[in-house]
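Work through the exercises below with the sequence and model at hand. Try each task before reading its solution.

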Amino acid sequence: MNQVVMYNNKTVGRDKLARLIQYASKLTWHVLQQCNANGASVSKIQELEYILSNFRKLLRMGRSLDTLYTALTLTKFDNAIISLNCAFSKVSYAIFLFCDHLIWFGRNGFANIDTIWWNRVSCKYWLLSITMNLVRDFFEIKKLLNNHEIVLKYNLKDPKTTMKTWLSYAETHKDIVLDVVKNSCDIFLPLASLDYVKLSPGTIGLLGVISSAVGIYTVIDPFAKLPMS
């Protein structure tokens, strides 16, 4: 099983790059549409977005299995609250990926399924996974503040020193900062897909580009990735 996980992890970088281009395409065609650009150009970029979406679903085929396996290993860590939170997030994400596999088969005519219904189910578990990630971020920030509470209270008398202290913490704990930025952007994507919030395609594209760029950075720099995330 470990060999399967290691093999599948090699696709992570490619998936994140394709995701960046996919959301950049959504942002681009919406901007062109707002500028009354040529309809054929808009259609081509929309087609590129769809192709990349389909490609990513194929690229992630089978990832639901090793994501579920990872969730089981997370229960072994010392901090029970964070471990269970991360495990629950991974289980939700594994279900999201499984639904994604079914959607790919339906889109490409290999199975007769209601892709719209499965897409809503998929987005609900994606939303649940991101929500749990944000809850974990809250615990990490709370733990950080508790560790430095005395220093912060002392620095409140000097706003300039307080700002330097916060910037120092952000640089030292960039994994937490980046995870908050990524999850804060990502959570609006399933919310928009489920029609819980109303966002333009351009806004969705921009949020996707930001979270994808952060994801790529954490692949390049493993120290910028929050453990167990």
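The exercises go from the whole chain to single residues.

This is a predicted model, in which local features need pLDDT of at least 70, side-chain atom pairs count only at pLDDT 80 or more, and totals for chains, interfaces and linings use all residues. Residues are numbered from 1 along each chain as its sequence is written, and side-chain values use heavy atoms, with hydrogens and water left out.

**Exercise 1. Describe the chain as a whole.**

Step 1: list the elements. Helices (H or I, at least four residues) and strands (E, at least two) are DSSP runs, numbered from the N terminus. The chain has 11 helices and 0 strands.

Step 2: take the burial. Of the 229 residues in the chain, 39% are buried. Buried means under 20% relative accessible area, exposed over 50%, and partly exposed in between (1.4 Å probe, protein chains only).

Step 3: take the surface. About 13,400 Å² is exposed by the chain, and carbon and sulfur atoms supply 65% of it. These areas come from the Shrake-Rupley method with a 1.4 Å probe; for residues, only the protein chains shown count as cover.

Step 4: take the contacts (heavy atoms within 4.5 Å). Among those between residues at least 6 apart in sequence, 73% join residues at least 24 apart.

**Exercise 2. Check the span of helix H5 against its number of residues.**

Step 1: count. Helix H5 covers residues 80-107, which is 28 residues.

Step 2: apply the rule. The expected span is 1.5 Å times one less than the number of residues. For H5 that gives 40 Å.

Step 3: compare. The end C-alpha atoms of H5 are 40 Å apart, so the two values agree.

Step 4: look past the end. Gly-109 follows H5 and has a positive phi, near 80°.

**Exercise 3. Place Ser-92 and list its surroundings.**

Step 1: locate. Ser-92 sits in helix H5.

Step 2: classify. Its relative accessibility is 2%, so Ser-92 counts as buried.

Step 3: follow the side chain. The side chain of Ser-92 reaches the backbone oxygen of Phe-88 at 3.0 Å.

Step 4: go further along the sequence. Leaving aside neighbours within four places, Ser-92 contacts Tyr-125, Leu-128 and Ser-129.

**Exercise 4. Examine two positive phi values outside glycine.**

Step 1: take Asn-36. Its phi is about 55°. Asn-36 lies in the loop between helix H2 (12-34) and helix H3 (39-59). With a relative accessible area of 70%, Asn-36 is exposed.

Step 2: take Asp-195. Its phi is near 65°. Asp-195 is in the loop between helix H10 (188-193) and helix H11 (201-220).

Definitions and conventions
A polar contact is a pair of N or O atoms within 3.5 Å; within protein, one must be able to donate a hydrogen and the other to accept it, and residues adjacent in sequence count only if both atoms are side-chain atoms.
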